[in-house]
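Reader: I should like to understand how the terms used for a protein model are justified. May I put some questions about the one shown here?

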Amino acid sequence: TSAESDPVEGLKYLQETIKGLEQLASFDPNIPVTIKDDLGMGIVVVPATLGAGLNQAHSHAIHHFASIGYLLHTHGAVLPNKIFEYNPTTPENQPAQ
C-alpha cells in the first residue's frame, strides 16, 4: 500500500490508527466480539471480548517490535529508543545485591 512506501501516507495512516484507538477508550472492554482469523488452514472463529482482542493485538505488536529490533540490531542500526525491541514486562537487568 502507499502507507508502506510513502512516508507522508504512512504518517497519515498512523494518525488515523491513533484516532481510532483513542475512540475505543469509550467502549466497555467486556463487550463480546467474535474474532475471525485465517491461520493458514482456514478461518478460525473465536468468541472473545473487546478487551481480550485488544490485549492480544498489543501482545502481537510487541512481538513484531522485538523482531524488527532484532533485525535492526543485527545490521548495526542503533535505535534512539532503547526499549523498542523489548516487551515492557521484561525485567531490566539489575545489579546483583
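Author: The following exchange sets values of this predicted model against the definitions behind the terms.

Reader: What pattern does the protein follow along the sequence?

Author: The order is α-α-β-β-α, made up of three helices and two strands.

Reader: Why is the pair of glutamate 9 and lysine 12 called a salt bridge?

Author: A salt bridge requires a side-chain nitrogen of Lys or Arg within 4 Å of a carboxyl oxygen of Asp or Glu. The closest N and O atoms of glutamate 9 and lysine 12 are 3.3 Å apart, and therefore the pair satisfies that limit. The structure holds one salt bridge. Both residues belong to helix α2 (residues 7–24), where they are three residues apart, about one turn of the helix.

Reader: What makes glutamate 9 and lysine 12 partly exposed?

Author: The class of partly exposed residues lies between buried, under 20% relative accessible area, and exposed, over 50%. Glutamate 9 has 28% and lysine 12 has 42%, so each falls in the class in between.

Reader: How do you know that the length of α2 agrees with what is expected of a helix?

Author: The expected span is 1.5 Å times one less than the number of residues. For the 18 residues of α2 this gives 26 Å, and the end C-alpha atoms are 26 Å apart, so the two values agree. At the start of this helix, a side-chain oxygen of aspartate 6 comes within 3.0 Å of the backbone nitrogen of valine 8.

Reader: How does helix α3 compare with its expected span?

Author: Helix α3 (residues 50–74) has 25 residues and reaches 36 Å from its first C-alpha to its last, close to the 36 Å expected. Just after α3, glycine 76 takes a positive phi of about 80°.

Reader: Is leucine 50 of helix α3 buried or exposed, and why?

Author: Leucine 50 has a relative accessibility of 16%. The limit for a buried residue is under 20%, so leucine 50 counts as buried. The buried residues of α3 are Leu50, Gly53, Ile62 and Gly69, and they pack against α2, β1 and β2. Buried residues make up 4% of the 97 residues in the protein.

Reader: Which residues does leucine 50 touch, apart from those up to four places away in sequence?

Author: Leucine 50 touches Leu24, Phe27, Asp28, Pro29, Ile31 and Val33. Its C-alpha atom is separated by 6.1 Å from that of asparagine 30, 20 residues apart along the chain.

Reader: Why is leucine 24 not also called buried?

Author: Leucine 24, which lies in helix α2, has a relative accessibility of 25%. Buried means under 20%, and therefore leucine 24 counts as partly exposed. Beyond its neighbours within four places in sequence, leucine 24 is in contact with Leu50 and Leu54. Leucine 24 and leucine 54 are 30 residues apart in sequence and 9.7 Å apart in space, C-alpha to C-alpha.

Reader: What makes leucine 39 an exposed residue?

Author: The relative accessible area of leucine 39 is 59%. Exposed means over 50%, so leucine 39 belongs to that class. This residue is found in the loop between β1 (32–38) and β2 (43–49). With Ile35, Val44 and Val46, leucine 39 forms a nonpolar patch on the surface, having about 310 Å² of accessible area together.

How values were computed: Residues numbered from 1 in each chain as written. Predicted model: local features only at pLDDT ≥ 70, side-chain atom pairs only at ≥ 80, totals over all residues. Heavy atoms only, no water. Helix = DSSP H or I, 4+ residues; strand = E, 2+ residues; numbered from the N terminus. Buried < 20%, exposed > 50% of the residue type's maximum accessible area, 1.4 Å probe, protein only. Polar contact = N/O pair within 3.5 Å; in protein donor to acceptor, adjacent residues only side chain to side chain. Patch = residues over 30% accessible without salt bridge, like charges linked within 9 Å, V, L, I, M, F, W, Y side chains within 5 Å. Areas by Shrake-Rupley, 256 points an atom, 1.4 Å probe, with all protein chains shown as cover. Contact = heavy atoms within 4.5 Å.
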